[in-house]
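This briefing looks at how one helix sits among its neighbours. Have the sequence and the structure open while reading.

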Amino acid sequence: MTAIYPEFEEKVAIVSGGADGIGRATAIAFARNGVRVVVADINEAGGHETVALIKAAGGEALFKRCDVAVDRQNGELVAFAVQKFGGLDYAFNNVGLTSPKIPLAETGEELVDRMLGINVKGLWSAMRHQIPAMLARGGGAIVNNASTLAFVALAGRAVYSASKAGVVAMTRAVAVEYAAKNVRVNVICPGTTETGELRPLLEEYAGQPEKIASIRAQQPINRWAQPSEQAEPVLFLCSEGASYVIGAALLVDGGYTLR
Amino acid sequence: MVSGAASGIGRAAAIAFARNGARVVVTDIDDAAGRETVAVITAAGGEALFQHCDVADDRENRAAVEFAMAKFGGLDYAYNNCGLRSPKMLLAETGEDLVDRLLAVNTKALWSAMRHQIPVMLERGGGAIVNSASTLAFVALEGRSIYSASKAGVVGMSRAAAVEYAARNIRVNVICPGTTETALFGGLLKEYADQPEKLEALRSQQPINRWAQPSELAEAALFLFSEGASYVIGAALIVDGGYTLR
């Protein structure tokens, strides 16, 4: 069953990192429910492909190139949505940088700057342009994308974890700031999802099914998520059904963080 | 199956379930109001039946599940919403009777309810359970120490049960409601009816500056039951208008 949200009809959403994976799945799910979607990414080919998939299914979407680490581009992205679709109701700030596994003391300053620049500062920048546009329309909903690693540790991911904990904390604070003005901000924390980023791992262990099985069994649900399984919670958090859900960090992890 | 469905969040959830086509077993210890929930559902074209159930009695939890099996042929979803609130009372002044009762209804009853629900869901190839905790599982309020412990127990038990059954296609999650405009809450509104500034101060404790409607909790619960939540396992979804954030 795909959730049907009648209130989504004619609404406008921005999905960053919409060229593949969870972002693409969310853009498609939004469009299927009648939302007009601005697909943003630095990957233009993938972004255009997402738009083509949406249009082929009868939905409405446009691509806009956006490097979320550049404040001006975040402003232009919102202006694009307002100009093309008349306003902004929802934003899924999904884009994020993952890093190679690297212990803290071996992580160079450049990588730290880049990680915090995209995952934390990029989120401030995106929201500071999105919120005024939503306020102008009487309200809206923002969903940010953190990670289970905001809550649990994994060796070699110290700076990534810090950046994602920053996403959760910023979400909670901004949620309090705008709750009474009808802009709801929440955050999903996805577990391992079968996106392009999982592929290297699967390839690495291609000839060792028992190794892959043991990694899979780290998830209590004994499988990885499909991107659509992350998209549906994002849609719920944007929907009227989540009208009293403010600053929630929704773990969508198959139980990974429970043990 | 929705427990505590004679009023408030439980009734709203039973109605929302039925509106989406689920056949609902409404359970409660309040027979009259429980039947009223059924009547509301039936009048709207939905399907529901009432079964009296004191969740503190293991036999009655089993009987409720057997009732669902007999009448509707199985069980897919259970919303264990029933809970006992207590008068505000400091820990050292709380008597053993009240402690026993709170833990029995809020914590032990959840074990009892789930231990009868899970096997029939397994038989059917899977299912989903949502338990009702409280924001007080996470934040403190004076005079609510035992209630808080009982609701933290709900979260802990939900998380553990979620891990145990995740790979067998039973998803267990927990919802943590903030202050909701139910009948219980009506008492507070009456108490301050002639003190609008006091009410205003209470309301503004919620960042969203209002209390929840029961339907807002019901919709959040329905999401956790739905296929859209297929990778959501053991999550504690806080539905509190931002109350716990500050």
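Are H1(B) and H2(B) roughly parallel or roughly antiparallel to each other? They are roughly parallel (angles under 35 degrees count as such, over 145 as roughly antiparallel), because their axes make an angle of about 25 degrees. This is a predicted model: local features need pLDDT of at least 70, side-chain atom pairs count only at pLDDT 80 or more, and totals for chains, interfaces and linings use all residues. Residues are numbered from 1 along each chain as its sequence is written, chains are lettered from A and ligands numbered from 1 in the order in which they are written, and side-chain values use heavy atoms, with hydrogens and water left out.

**The helix pair**
- H1 covers residues 8-19 of chain B and H2 residues 31-43 of chain B, with axes 10 Å apart; helices are DSSP runs (H or I, at least four residues) numbered from the N terminus.
- The contact (heavy atoms within 4.5 Å) involves B:Arg11, B:Ala14, B:Ile15 and B:Ala18 of H1(B).
- On the H2(B) side, B:Ala33, B:Glu36, B:Thr37, B:Val40 and B:Ile41 take part.

**Length and end of H1(B)**
- H1(B) has 12 residues and spans 17 Å from first to last C-alpha, close to the 16 Å expected at 1.5 Å a residue (1.5 Å times one less than the number of residues).
- B:Gly21 follows H1(B) and has a positive phi, near 95 degrees.

**Burial of H1(B)**
- Of the 12 residues in H1(B), 9 are buried (under 20% relative accessible area, 1.4 Å probe, protein chains only).
- Among them are B:Ile9, B:Gly10 and B:Phe17.
- The elements covering these buried residues include H2 and helix H8 (214-225) of chain B.

Note on methods. Axes fitted to C-alpha atoms, helices over the stretch in contact; angles between N-to-C directions. Helix = DSSP H or I, 4+ residues; strand = E, 2+ residues; numbered from the N terminus. Parallel < 35°, antiparallel > 145°, perpendicular 65-115°, else oblique. Buried < 20%, exposed > 50% of the residue type's maximum accessible area, 1.4 Å probe, protein only.
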